[in-house]
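Let's learn to read a protein model together. Take a look at the picture and keep your questions ready.

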Amino acid sequence: PHKATVRLAQLATLAAQAHREREEYWGFSAARGRVLRVAAAGLWNAAAWLNGEPYEKPSTGTAARVMAGALATSLASAVATLRGETGMHLTLTADVPAEAAAALWRRDREFLARDGLNLAPESAYAPLDLRLAAGAEDLGERVEFLRHAAQLFDAPPALRVDAPFAQEPDPAAWRELLSALLQSGVPRARLSCGGSGRSMRLAARQLRSHLEGFPLFANG
């Protein structure tokens, strides 16, 4: 894990160096020029690898969250140091464009194939988001992970919620969900097409029930 965090900091340095060289090539000021988004992809996969779990289908359980949190903290520290030392406008984002995540996966797949690791070509790196799943026993831990990550990223990971857009629930269900999300203190939510109105209401009520049991979340 220590070597992994060091390597991650080195990758952030390479990204900043590439940005500086690109800006200087086009005659822009690297310190007072455009913003470089340092996007973090594959942290769940890296956490799985370090924990001895399947690389291609990483989990988001407790051990994975601890490892991914350590990697994200190291990356945020490296970006902050680079920002202070170089004066460049660097931002750290967990909102990775799908095209970039897929392209990175293809390049890594070719590289890892040399070591006998055959990854599915149709896969891609998933964002650092976590899912609001009705009935999840670790709901509180997921919320706490995202709250902590929000302090590290300029564009933090989101809490993913399945929403039935084909048959939308009544406005009261949306108000209940959005109110619970606002109370949770998680800064970003991402709606995904799927689920049902019943499952969405159940997830919102479970989240609110957890928050009422732990009022610290509401005051954070």
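What follows is a short dialogue about this predicted model.

Q: Where do I start, and how many helices and strands does the protein have?
A: Start by listing the elements. Here there are 7 helices and 5 strands. Reading along the sequence, you meet them in the pattern α-β-α-α-β-α-β-α-β-α-β-α.

Q: What does the C-alpha trace span along its principal axes?
A: About 55 × 45 × 35 Å for this protein.

Q: How do I read burial, and what share of the residues counts as buried?
A: A residue is called buried when its relative accessible area is under 20%. In this protein, 39% of the 220 residues meet that mark. The protein also exposes about 12200 Å², with carbon and sulfur atoms supplying 55% of that area.

Q: What do contacts tell me about positions along the chain?
A: Look at how far apart the partners sit in the sequence. Among contacts with a separation of 6 or more, 74% join residues 24 or more positions apart.

Q: How far apart are the mean positions of the positive and negative charges?
A: They are 2 Å apart, taking the 25 positive and 23 negative charges of the protein.

Q: Which residues form a nonpolar patch on the surface?
A: Tyr25, Trp26 and Phe28 do, and together they have about 430 Å² of accessible area. Phe28 sits in the loop between helix H1 (2-25) and strand S1 (36-39).

Q: Why does phenylalanine 28 count as partly exposed?
A: Because its relative accessibility is 41%, and partly exposed covers the range between under 20% and over 50%.

Technical notes: Residues numbered from 1 in each chain as written. Predicted model: local features only at pLDDT ≥ 70, side-chain atom pairs only at ≥ 80, totals over all residues. Heavy atoms only, no water. Helix = DSSP H or I, 4+ residues; strand = E, 2+ residues; numbered from the N terminus. Buried < 20%, exposed > 50% of the residue type's maximum accessible area, 1.4 Å probe, protein only. Contact = heavy atoms within 4.5 Å. Areas by Shrake-Rupley, 256 points an atom, 1.4 Å probe, with all protein chains shown as cover. Lys, Arg positive; Asp, Glu negative; His and termini not counted. Charge placed at Lys NZ, Arg CZ, Asp CG, Glu CD. Patch = residues over 30% accessible without salt bridge, like charges linked within 9 Å, V, L, I, M, F, W, Y side chains within 5 Å. Salt bridge = Lys/Arg side-chain N within 4 Å of Asp/Glu carboxyl O.
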